[in-house]
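Me: Please take a close look at a single part of this model, the interface of chain A and chain B. Which side chains meet in a salt bridge there?

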Amino acid sequence: MAEKILVTENVRLYYGEKEALHGINLDYRKYGITALIGPSGSGKSTYLRALNRMHDLTDYVTVTGTFLLNGEDIYAPNMDTVQLRKQIGMVFQQPMPFPFSIYDNVAFGLRTDGVKDKAILDEKVESSLKAAAIWDEVKDDLHKSALSLSGGQQQRISIARALATSPEILLLDEPTSALDPVSANLVENTLIQLREQYTMIIVTHSMSQASRISDRTAFFNQGKLIEVNDTKKMFLNPDQQMTQDYISGRFG
Amino acid sequence: MRRLFDEELADLDTSFKEMGLLVSETIQRSVQAFLDHDRATAQEIIDSDQAINQREIALEKKSFEMIALYQPVTTDLREIVTILKAVSVIERIGDNARNIAISTIHVKGNRRVADIEEKIGNTGQIVSKMVADVLTYYISDDAQGAASMSETAHQVALATQNIRDASIEAMKADAENVEAATDYLVIGGYLKRTSDYVTDIAEWVIYKRTGKIVELNPGTSSFI
């Protein structure tokens, strides 16, 4: 049994009085991709954002439950959220390059962390861009604005930026839904290459993306986790009728 | 762009070819064992049939997974469908090899008719070559080669008809021949059926290459 890197138990989330997540239990082993699927409003993105305390800044949201990263309580009062988000990086739906150079985008997290040594920064920027499979395309233009790149390239820069702080977990919230199919494919290939070294949790509306790239799939509906299983099993012979109906397009 | 799917498809393809070569070799050995009255080899073939069936199951399972996970289209889909259809046929050819082996063990000790055994030997050679050839056509994506199987299958139909007629004659001539000749009839049937299976595979090779579903073996001759 591989070591559990992240454990979440009885996760509940309230918008004011209204409960939006009804007690989610999900564990993650080290490495590999877990896909979270489900119709809009099923709670998969809400749950994802709770994993690195993205709801902290929204004051009418309350999160309860157990969140353990390597056994440590993510919601402990003394947890440094900046540190936490370096360990649990995030890539959003819309590529969000900062309005400065490619190099500075990728080096951003490291500089925030106080790294000043040019050699270390150079090394880290290069290895992150390589890991995100974008190095060959940008290596001669590192000081060009990241905004000048295509959407697919910007998204891979976003992945490189998240990787630069050596996170243990990468959260991806529909990372390809704003991209054309070819760019989406490049990003998917990047994720497939990364799955040997990172634990990734991806929210996706694309069933075929979940089946192509993930090792495990979790199906959410109406704030509940309906089923989680190996992706092969989920797409061939899921345990729950509701999973079967959703995956085969009968609802949602 | 190289996809994960391509790697898995290449693996699937390799396993399919391996299974095909194994079965093609087995059918050849089973006919040879019959001619040589070689019970030991026949027993080996019977024992190894389970391994062929296991390979079929593994290939089917992998094909289902790839369809479910990648939803392949165009040539990708045709290649998987071809393997899925052909693998069952290959398994059935393996069963025929096993059945011939069972007859080999059974026929030992009875009186034999050399003339008919020679016919069976020759037909067996043609049929095992057909199995090997259709795999070559699969590997080289040769639709024309696959289509040529139709003609060979016709020859096999005539040859097995000939075995059937000779067996009946032998039975009429001498009741002592009945036991052996019954086996000859049955083995002739297995060879005919194997040849029919080969044309089925050839049809799928053509489908894989062209996307067209064709009928290569419209013959009406049912052997027994």
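Reply: The side chains of A:Lys232 and B:Glu65 form a salt bridge, with 3.4 Å from N to O; the term requires a side-chain nitrogen of Lys or Arg within 4 Å of a carboxyl oxygen of Asp or Glu. The model is predicted, so local features need pLDDT of at least 70 and side-chain atom pairs count only at pLDDT 80 or more, while totals for chains, interfaces and linings use all residues. Residues are numbered from 1 along each chain as its sequence is written, chains are lettered from A and ligands numbered from 1 in the order in which they are written, and side-chain values use heavy atoms, with hydrogens and water left out.

Across this interface the rule finds one salt bridge. Three residue pairs, both members at pLDDT 80 or more, are in polar contact (a pair of N or O atoms within 3.5 Å; within protein, one must be able to donate a hydrogen and the other to accept it, and residues adjacent in sequence count only if both atoms are side-chain atoms).

On the side of chain A, the elements that give two or more residues are helix H7 (181-194), helix H8 (207-213) and helix H9 (231-236) (DSSP runs of H or I with at least four residues, numbered from the N terminus).

Twelve residues of chain A are in contact with nine residues of chain B, contact being heavy atoms within 4.5 Å. About 950 Å² is buried between the two chains, 68% of it from carbon and sulfur atoms (accessible area, 1.4 Å probe, lost on putting the two parts together and summed over both). In chain A, A:Lys232 is joined by A:Arg212 and A:Leu236 in losing the most area to chain B, together 43% of what that side buries.
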